[in-house]
Amino acid sequence: MPDFTGQTLIVTGAGSGIGAATARRLSSDNANVVLAGRTRDKLESVASELPEDRTLVVQADVSEQEDAERLVSETLSRFGELHGLVCNAGIAAMGRMGVLDRDDWDKVIKINVTGTYLTIRAAWDALQQTGGSVVATSSVSGLGGDWGGFAYNASKGGVSNMVRALALEAGTTGVRVNAVAPSMTDTDMAPDSAELVGKFQERIPLGRAATTAEVGDVIAFLLGPDARFVNGVVLPVDGGLSASNGQPPIG
């Protein structure tokens, strides 16, 4: 297990789901954890589980430049340095072409892609000073297409390729940039229909959704010293889903 003693790590979208699980995991590994998100009550609820002296809550909408910059400045004011950034804030917008409206398209691109860009941009100088690490939350939907999911696919594909390009750009500075690409995970974004969940599970060799903690554990690995030569990777956390060629089970 990595030991993040003395290191400060920001987690966006930390009020629930993968972000909350990641914050808990990093705190258990002795990090100073900055919880960022749009809903203070959710952030405070997660923070109440963590050591007060190593936890900071910053209410921020990272798709807004001023909020992203304020997030980093408040982090540096409290802890002095920044060693890692988890860009996890994201939403889903599903619907076929001609059905999904422009407002939903704009929202998913603004939060998932622009929010990731603005947060990394705000943290870039501070991360170069410490040789820090960025982990973004992409998705298997950023590695291939979904029926009725072109907007979400576009946003997560953007995150995946942003990570790859920034890894090239940042390599000589000592900053590493990677992403996780979860399949269906037990969060509020998972399907409500038991029938649809069953269809997803049929495609996943391990036969179930990921837990948020399982994704958070991989994020912790990518941030930590054991991944010190891992850079520009979009790592599927998908129970073997991406091992398939897409054809249904036979026999």
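Contact means heavy atoms within 4.5 Å. The exercises below concern a predicted model, in which local features need pLDDT of at least 70, side-chain atom pairs count only at pLDDT 80 or more, and totals for chains, interfaces and linings use all residues. Residues are numbered from 1 along each chain as its sequence is written, and side-chain values use heavy atoms, with hydrogens and water left out.

**Exercise 1. Overall architecture**

Task: State how many helices and strands the protein has, and characterise its dimensions.

Solution.
1. Helices (H or I, at least four residues) and strands (E, at least two) are taken as DSSP runs, numbered from the N terminus. The protein has seven helices and seven strands.
2. Along the sequence these elements follow the order β-α-β-α-β-α-β-α-β-α-β-α-α-β.
3. The radius of gyration, taken over C-alpha atoms, is compared with the globule rule, 2.2 Å times the number of residues to the power 0.38. The value for the protein is 17 Å, close to the 18 Å that the rule gives for 251 residues, so the protein is as compact as a globular protein of that length.
4. Along the principal axes, the C-alpha atoms fill a box of roughly 55 × 40 × 40 Å.
5. Among contacts between residues at least 6 apart in sequence, 70% join residues at least 24 apart.

**Exercise 2. Burial and surface**

Task: Determine what percentage of the residues is buried, and describe the exposed surface.

Solution.
1. Buried means under 20% relative accessible area, exposed over 50%, and partly exposed in between (1.4 Å probe, protein chains only). Of the 251 residues, 48% count as buried.
2. Accessible areas come from the Shrake-Rupley method with a 1.4 Å probe; for residues, only the protein chains shown count as cover. The protein exposes about 12,100 Å², and carbon and sulfur atoms supply 50% of this area.

**Exercise 3. Salt bridges**

Task: Give the number of salt bridges, and place three of the pairs in the fold.

Solution.
1. A salt bridge is a side-chain nitrogen of Lys or Arg within 4 Å of a carboxyl oxygen of Asp or Glu. Under this rule the count is nine salt bridges.
2. Asp29 pairs with Arg25, their closest N and O atoms being 2.7 Å apart. Asp29 is buried at a relative accessible area of 3%, and Arg25 is buried at 16%. Arg25, Asp29 and Asp217 are linked in a network of salt bridges.
3. Glu64 and Lys110 form a salt bridge at 2.6 Å, N to O. This pair links distant parts of the chain, 46 residues apart: Glu64 is in the loop between strand 3 (55–59) and helix 3 (65–79), and Lys110 is in helix 4 (residues 102–130). Glu64 is partly exposed at 35% relative accessible area, and Lys110 is partly exposed at 35%.
4. Glu74 and Arg70 meet in a salt bridge at 3.3 Å, N to O. Both residues lie in helix 3, four residues apart, about one turn of the helix. Glu74 is partly exposed at 30%, and Arg70 is partly exposed at 29%.

**Exercise 4. A backbone feature**

Task: Identify where Asn30 lies and what sign its phi has.

Solution.
1. Asn30 belongs to the loop between helix 1 (17–28) and strand 2 (32–37).
2. Most residues other than glycine have a negative phi. Asn30 is not a glycine, yet has a positive phi of about 80°.
3. Asn30 is partly exposed, with a relative accessible area of 33%.
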